[in-house]
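Colleague: Before we go through the packing of this chain, could you please put the model up so that we can both look at it?

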Amino acid sequence: MARRPILLSLTFCVGLIVFGCSAPTKMPQPKAPIVGQVAGNFELMTLGGERFELADAVKNSAVVLVVLRGYPGYQCPICSQQVADLMNVSEQLAASDAQVALVYPGEASNLSGYAEEFMESRTLPKNFNLLLDPKMRLVNAYQLRWNSPNETAYPTTIIIEKGGKIAFVKVGKQVVDRVPGNVVIEVLQKLTQ
C-alpha cells in the first residue's frame with residue numbers, strides 16, 4: 001500500500017515529461033490596491049527599454065505610481081496636464097526621496113509609438129519613468145480596467161512607501177478625477193514625519 005502514492009507520483013512526473021507540460025504553478029490573484037497593504041509586485045519595461053520592477057524600486061525609495069489612460073483613440077489632454085503638474089514638483093518629489101512611475105497602458109500594437117507621441121518633446125526628470133503596460137496586464141492585475149467603449153484604465157494615483165506598503169490610493173472614476181502634485185507632496189511629507 002505504501003508503494004501506491006509513490007507510483008502515482010512517478011506516473012504524474014513521467015506524464016509531465018512525456019507531454020511537455022510543466023508542473024502547475026500558483027498564479028497570483030488580481031489584487032486591487034488598498035491602503036495599508038503591500039502593493040502587488042509587477043515588472044514593466046520603460047519607454048527606453050529598461051526593466052522596472054516595483055519590488056526593486058521600493059527598496060530604496062517611495063514610489064508614486066500614476067496610471068494614465070494610455071491611448072484610448074487619442075492622447076488624453078488631462079493625462080498630459082497631470083504629468084506636467086507632477087514634473088513641476090519634481091524637485092520636491094526628489095527631496096522626498098520618491099520616484100514617479102507613469103504607467104501608459106494599451107494594446108500591444110504600436111504602444112511604444114503612442115507613448116513616444118504622448119511624450120512629444122518632454123524630457124522626464126531623473127526620478128521619473130514612463131512604463132509601458134502592453135495588453136494592460138498591470139491595469140488588470142490592479143483591477144483598474146475601465147470597461148467602457150474607448151477606455152483603457154481608470155486614472156489612478158497610488159503612493160507606495162519605501163518597503164512596499166500602500167500609503168495612498170485615488171482611483172478616478174472620471175477623466176478629470178486626478179490627484180494634483182501638491183497633494184502628492186503633502187502625502188509624501190506625512191510619511192517622513
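Colleague: Which residues of the largest nonpolar core touch the most other members?

Modeller: This is a predicted model, in which local features need pLDDT of at least 70 and side-chain atom pairs count only at pLDDT 80 or more, while totals for chains, interfaces and linings use all residues. Residues are numbered from 1 along each chain as its sequence is written, and side-chain values use heavy atoms, with hydrogens and water left out. A nonpolar core is a set of buried Ala, Val, Leu, Ile, Met, Phe, Trp, Tyr and Cys residues joined through side-chain atoms within 4.5 Å, where buried means under 20% relative accessible area with a 1.4 Å probe, protein chains only. Within the 30 residues of the largest such core, the members that touch the most others are V64, L68, L93, L102, Y104, V184 and L188.

Colleague: Which element supplies the largest share of this core?

Modeller: At least two residues each come from β3 (62–67), α3, β4 (98–106), α5 (111–119), β5 (128–134) and α7 (181–191), the helices (H or I, at least four residues) and strands (E, at least two) being DSSP runs numbered from the N terminus. The largest share is five residues, and the element that supplies it is α3.

Colleague: What span should helix α3 have, at 1.5 Å a residue?

Modeller: The expected span of a helix is 1.5 Å times one less than its number of residues. Helix α3 has twelve residues, 77–88, and its end C-alpha atoms are 16 Å apart, which agrees with the expected span of 16 Å.

Colleague: Which residues is L93 in contact with, leaving aside its neighbours within four places in sequence?

Modeller: Contact here means heavy atoms within 4.5 Å. With those neighbours set aside, the partners of L93 are V64, L86, A98, V100, N127, F128, V184, I185 and L188.

Colleague: Are the rings of Y104 and F118 stacked, edge-to-face or tilted?

Modeller: Rings of Phe, Tyr and Trp (its six-membered ring) pair if their centres lie within 6.5 Å, with planes under 30 degrees apart counted as stacked, over 60 as edge-to-face and the rest as tilted. Y104 in strand β4 and F118 in helix α5 are 14 residues apart, and both are buried, Y104 with a relative accessible area of 0% and F118 at 2%. Their ring centres are 5.5 Å apart and their planes stand at 45 degrees, so the pair is tilted.

Colleague: Which residue lies over the face of F118?

Modeller: A charge sits over a ring if NZ of Lys or CZ of Arg is within 6 Å of the ring centre and within 35 degrees of the ring normal. At 4.8 Å from the ring centre of F118, the residue over its face is R122.

Methods
Buried means under 20% relative accessible area, exposed over 50%, partly exposed in between (1.4 Å probe, protein chains only).
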